Amino acid sequence: MTAYASSDQSLQESSYDWLLTKPVSINELQNIIDSIILKSIDESSKSSSLSDAFSTEVIELEDLRRRCGGRTLIMSKMLSSFIESSQSYLPKLQQQSQDLVLLARTLHTLKGLLREISAQNGALEVEALEGKIKQGAQISPQELSKLETIVSAACESARGIKLELERAS
């Protein structure tokens, strides 16, 4: 920030990233802070050991940002909710493998949880299993194991993103 920025043109020439004019708007300030945090996450996802946590195969970070309106606090709360909820459903998968009605409900819930955090590929995998149940087919132990791996990977990705959000704030 500077008190001497007179225009967007001079801002760009001075290599500043943002312009915040007086009187300061809380919303504008929050948007700038969120942008800084998200930029930090982008940079760390390219260079850190947590880069797997940001794989577009697990959670589509840009889509998650859009869903949360770029608000890091909302992103963090959504990720926390996903981790907690999905962890409570994972043990039910094996228990419900013989009861297709209960399994279908659990799969439907997991699909919604995955979509909520923009883990679209995982949600599509769950949707395929839902379709199989609707046709009256059993779900194999291998398919349930694959599903557990997908949900666990989404949890790890969510934890990594949440950790980066906390570090950056």
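Okay, quick one to start: in which helix is the place of Val 151? Val 151 sits in helix α7, and a helix here is a DSSP run of H or I with at least four residues, numbered from the N terminus, while a strand is a run of E with at least two.

Before I go on, the small print. What you're looking at is a predicted model, where local features need pLDDT of at least 70 and side-chain atom pairs count only at pLDDT 80 or more, while totals for chains, interfaces and linings use all residues. Residues are numbered from 1 along each chain as its sequence is written, and side-chain values use heavy atoms, with hydrogens and water left out.

So, the overall layout. The protein chain has seven helices and zero strands. Read from the N terminus, the elements go α-α-α-α-α-α-α. Of the 169 residues in the chain, 37% are buried. Buried means under 20% relative accessible area, exposed means over 50%, and partly exposed is in between, using a 1.4 Å probe and protein chains only.

Back to Val 151, then. Its relative accessible area is 1%, so Val 151 is buried. Val 151 and Leu 113 are 38 residues apart in sequence, and their C-alpha atoms are 9.6 Å apart in space. Ile 150 is in helix α7 as well, and at 18% relative accessibility Ile 150 counts as buried. The partner I picked for Ile 150 is Val 126: 24 residues apart in sequence, 9.1 Å from C-alpha to C-alpha.

Now, how does α7 pack? Let me take α4 as the partner. Helix α4 covers residues 72–95 and helix α7 covers residues 141–168, and they pack at an angle of about 155° with their axes 9 Å apart. For the geometry people: axes are lines fitted to C-alpha atoms, for helices over the stretch in contact, and angles run from 0 to 180 degrees between N-to-C directions. That makes α4 and α7 roughly antiparallel to each other. The cut-offs are under 35 degrees for roughly parallel, over 145 for roughly antiparallel, 65 to 115 for roughly perpendicular, and oblique for the rest. The α4 and α7 crossing is left-handed, meaning the near helix is turned anticlockwise from the far one by less than a right angle; clockwise would be right-handed.

What's in that contact of α4 with α7? The residues split into 14 nonpolar, eight polar and three charged. Nonpolar covers Ala, Val, Leu, Ile, Met, Phe, Trp, Tyr, Cys and Pro, charged covers Asp, Glu, Lys and Arg, and the others, Gly among them, are polar.

Next partner: α5. The axes of α5 and α7 come within 11 Å and cross at roughly 30°, so these two are roughly parallel to each other. The crossing of α5 and α7 is left-handed.

On to the charges. Side chains of opposite charge can pair when their charged atoms come close. How many salt bridges does the structure hold? There are 10, where a salt bridge is a side-chain nitrogen of Lys or Arg within 4 Å of a carboxyl oxygen of Asp or Glu.

Let me walk through some of them. In α7, Arg 167 forms a salt bridge with Glu 164, with the closest N and O atoms 2.9 Å apart. These two residues are three apart in helix α7, about one turn of the helix. Glu 164 or Arg 167, which end is exposed? Arg 167 is exposed, at 55% relative accessible area, whereas Glu 164 is buried at 5%.

There's a pair with that spacing in helix α3, residues 61–67: Glu 62 and Arg 65, three residues apart, about one turn of the helix. Their side chains meet in a salt bridge at 2.2 Å, N to O. Here Glu 62 is exposed, with a relative accessible area of 52%, and Arg 65 counts as buried at 9%.

Then there's Lys 111 with Glu 130, a salt bridge of 2.7 Å, N to O. Lys 111 lies in helix α5 (residues 100–116) and Glu 130 in helix α6 (residues 120–134), so the pair ties together parts that are 19 residues apart in sequence. Both Lys 111 and Glu 130 are buried.

Last one: Asp 63, Arg 66 and Arg 67 are linked in a network of salt bridges. That's my bit, thanks.
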